[in-house]
Amino acid sequence: MSAADAWWWPYVMIVVAGWLATDIWRWLGVFASGKLREDSEVMIFVRSIATALVAGVIAKLILFPAGALQSAPVMLRIVAAACGFAAFFASRQKVVIGVAVGEVVLIGGWLLLGLG
Amino acid sequence: MPTPPSASPEPLPEHQPDGSTQLPSRVWVLRGVRAAVSIPALILAAAFVGYAGLARESGFTLGETLAMVGFVWALPSVVVLTGAITAGMGLVPAAIAVALASVRLMPMTMALMPVLRVEGKTRRWQLLAASHFVAVTAWVWAMRYLEEHPREARLPFFLGFGASLTIFVFCMTGAAYVLIDDMPLLPSAALFMLTPVYFLCSLWGAARISADKAAMAIGLVLGPLFHLYMPGLDLLWTGLVGGTLAYVGTRIARRGLR
C-alpha cells in the first residue's frame, strides 16, 4: 500500500501543504514587521500591497469561483456583487445590507433565469 | 458595521493619557470574545457552512475538513488546498499552490503587528501565536477598531476576538458537515457568494486612506487579468503591481513628485 492510500496521508498534506504553506507567510510577516511604525510610509506601502492582494482574491472568487457558484452565469455574479457594493454605500457602509442585497440579487436572478 | 466593540456608550475610563491601561488582560480577552459576537462572524460562519458542503462532496472526512479549517483558517486558502488535494496533486505542488494563494497573509500580518505590539514588552512568540488568526475577517476588524484602544489592551483584545471567532466557525463547519446531507445547488451557490460580497464591503470599510482605496480598486481589476495571463503567480503580481501603483499614485497626489 502506498502512502497516498493511508488514512493519515491527507493529514500530512493538510499540515505541510496547508498549515505550513499559509502560516509561513504570517510568521514572515511578524519577523518582517520588526520595528516598523504603524504610521510610516513603508507601512502605507505594505498595506497597499495587502489590500490589492485581498482585492485580487475577491475578484477571483467572483469571476472564477469554486463549487456551486459556477452554475450562476458570470454576468449574474458580477451584477449581484456590484449591487451589494452599491447598497453598502447607499446604506452608509452597512456591511450586512451590502451582503443581503448581493444575495437577494443572486438568488432572484437565479430563479428568474430558471437555473437548476 | 453593527455593534462595533468601541460602541460602548460610556467613555473608556481606563484609557490613561500615557496609553497604559489599568484593566487586566483577561478583561480585554473577554471584551474581544464579546466583540466577536457579531454580524461578520455570522457571515463568515455561513460561508464556511458552504465550504463544509464542498468538502463533503469532494470526499473529505469530517476530521480532514476540520483539520483544514483549524490549520489553514483563511477561507480562500482552504478552498485552494481542497482543490489541490481533490485534483490529486502531490505534496510539493499542492504546497506551492497554497503558498502562492496565501502570499497576502504576509503584508496583512506586517500591517497589523505594529498596531498590536507594545514596544519593549510584547514578546515575539506572542505575536507569532496571534498571527495565526490573521485572515480577512479578523484583520479587517482589527485594522478598523484596535487603534481606538489603549496599546496594552490591543493584543489580548485581538486574541479574544480571533480565538472565539475561530472556535465558533470551527464548530459551525463541523455541525454543517454532519447535519447537511446534500445541499441543493442554489443555497450552496448563495453561501459561496457570501465571501466575496462580504470581503468587498468590509475591505472598503477598513480602508483608511486613499492609498488603501486605490489599491482595492486596482487589485479588483488586476486580479482576474493576472489570473488569465500569468496563472499561478497571479496574486503575487496583483499585490506587487497593484500595491505599487496605488501607493505611488496616491503619494504623488499627496506630496507631488518629491
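**Exercise 1. Find the residues with the most contacts inside the largest nonpolar core, and explain where this core lies relative to the domains of chain B.**

Solution. The largest nonpolar core holds 129 residues, and those with the most contacts inside it are Ile58(A), Phe48(B), Leu81(B), Val98(B), Trp139(B) and Leu203(B). Both domain 1 (24–206) and domain 2 (209–258) of chain B contribute residues to this core, so it lies between them; the domain bounds come from an automatic or database domain assignment. A nonpolar core here is a set of buried Ala, Val, Leu, Ile, Met, Phe, Trp, Tyr and Cys residues joined through C-beta atoms within 7 Å. A residue is buried if 20 or more other C-beta atoms lie within 10 Å of its own, exposed if 12 or fewer, and partly exposed in between, with C-beta atoms placed from the backbone.

This is a predicted model, in which local features need pLDDT of at least 70 and side-chain atom pairs count only at pLDDT 80 or more, while totals for chains, interfaces and linings use all residues. Residues are numbered from 1 along each chain as its sequence is written, and chains are lettered from A and ligands numbered from 1 in the order in which they are written.

**Exercise 2. Name the residues that Trp139(B) touches, leaving out those up to four places away in sequence.**

Solution. With contact taken as C-beta atoms, placed from the backbone, within 7 Å, Trp139(B) touches Met108(B), Leu112(B) and Val134(B).

**Exercise 3. Describe the side of chain B that touches chain A.**

Solution. Begin with the counts: 82 residues of chain B are in contact with 68 residues of chain A. Next, look for the main contributor on chain B, which is helix H10 (residues 185–206), giving the largest share with 18 residues. Helices (H or I, at least four residues) and strands (E, at least two) are DSSP runs, numbered from the N terminus. Finally, sort that side of chain B by class, which yields 61 nonpolar, 17 polar and 4 charged residues; Ala, Val, Leu, Ile, Met, Phe, Trp, Tyr, Cys and Pro count as nonpolar, Asp, Glu, Lys and Arg as charged, and the others, Gly among them, as polar.

**Exercise 4. Work out the overall build of chain B.**

Solution. The secondary structure of chain B consists of 12 helices and 0 strands. Along its principal axes, the C-alpha trace of chain B spans about 55 × 50 × 35 Å, and buried residues account for 52% of its 258 residues. Among contacts in chain B between residues at least 6 apart in sequence, 77% join residues at least 24 apart.

Technical notes
Two residues are in contact if their C-beta atoms, placed from the backbone, lie within 7 Å.
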